[in-house]
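Me: I'd like to learn how to read a model like this one, feature by feature. Can we go through it together?

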Amino acid sequence: MRSTTRRAAGVATGLMILATAACSSETPEENTEQACAAAEQLGTALDDFATTATPDATVDEVMTARDEVRAAWQDLDDAADQVAQDRGQALDEAWDGMQQAVEDVDGDETLQDAAQSLKDEAENVQEAREAMVDELGC
């Protein structure tokens, strides 16, 4: 009975993980939500593993629980990569905007004429950098 219950829980967890992985997110916010959901799944899988790994568990039960942790870890790893790519893309776009603003300054203009635009673009780069640092937990 215990083995059947464990397998059913494993199948349910696996389906939830697959459903999470199958969702194709398009926005950074959705990707962050997906990473948070994957982190939650990994926590659940780790709790299940700790509950399973008892002296009376079978090797098969422990291996099944380990496989659930592996799948949840992989989902979180993939989701975290996507979040990092989103932040990297935001930083790239902000940099491109700043670079273009500098190039758009006409050689006959004074810096006073272009200063606010340049400051705004530099602030966009700073905000993107801070978001990346926050996301990475630096």
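Me: How many salt bridges does a search of the whole structure find?

Reply: Before we count, some ground rules. This is a predicted model, where local features need pLDDT of at least 70 and side-chain atom pairs count only at pLDDT 80 or more, while totals for chains, interfaces and linings use all residues. Residues are numbered from 1 along each chain as its sequence is written, and side-chain values use heavy atoms, with hydrogens and water left out. Now, a salt bridge is a side-chain nitrogen of Lys or Arg within 4 Å of a carboxyl oxygen of Asp or Glu. Searching the whole structure turns up two.

Me: Which residue forms a salt bridge with arginine 66?

Reply: That's aspartate 67, with the closest N and O atoms 2.9 Å apart. The other salt bridge pairs aspartate 67 with arginine 70, at 3.5 Å from N to O. Through the shared partner, Arg66, Asp67 and Arg70 end up in one network.

Me: Why are aspartate 67 and arginine 70 separated by about one helical turn?

Reply: The general idea: an α-helix has 3.6 residues a turn, so residues three or four places apart point the same way. Here, aspartate 67 and arginine 70 are separated by about one helical turn because they sit three residues apart in helix 3 (residues 59-104). Helices here are DSSP runs of H or I with at least four residues, strands are runs of E with at least two, and both are numbered from the N terminus.

Me: Is arginine 70 buried, partly exposed or exposed?

Reply: The cut-offs first: buried means under 20% relative accessible area, exposed means over 50%, and partly exposed is in between (1.4 Å probe, protein chains only). Arginine 70 is partly exposed at 47%. Its network companions are partly exposed too: arginine 66 at 35% and aspartate 67 at 34%. Across the 138 residues of the chain, 21% count as buried.

Me: What is the order of elements in the chain?

Reply: From the N terminus on, it goes α-α-α-α. That's four helices and zero strands.

Me: How do I compare the reach of helix 3 with what is expected?

Reply: Take 1.5 Å times one less than the number of residues; that's the expected span. Helix 3 has 46 residues and reaches 67 Å from its first C-alpha to its last, close to the expected 68 Å. Helix 2 (residues 28-52) has 25 residues and reaches 36 Å, close to the 36 Å expected.

Me: Which residues of helix 2 are buried?

Reply: Among them are Asn31, Thr32, Gln34, Ala35 and Ala38. In helix 3, the buried residues include Glu61, Ala65, Asp75 and Val83.

Me: What about pairs that are far apart in sequence, such as alanine 37 and aspartate 75?

Reply: For these, read the sequence separation alongside the C-alpha distance. Alanine 37 and aspartate 75 are 38 residues apart in sequence and 9.6 Å apart in space. Glutamine 82 and glutamine 34 are 48 residues apart along the chain, with their C-alpha atoms separated by 9.5 Å. Glutamine 82 is in helix 3 and is partly exposed at 31%, while alanine 37, in helix 2, is partly exposed at 32%.

Me: One last feature: which residues gather in a patch of negative charge on the surface?

Reply: A patch is made of residues with over 30% relative accessible area and no salt bridge; like charges are joined within 9 Å, and nonpolar side chains (Val, Leu, Ile, Met, Phe, Trp, Tyr) within 5 Å. Asp and Glu count as negative. The members here are Asp120, Glu123, Glu127, Glu130 and Asp134. Of these, glutamate 130 lies in helix 4 (residues 111-136) and is partly exposed, with a relative accessible area of 35%.

Notes:
Accessible areas come from the Shrake-Rupley method with a 1.4 Å probe; for residues, only the protein chains shown count as cover. The place of a charge is taken as NZ of Lys, CZ of Arg, CG of Asp or CD of Glu.
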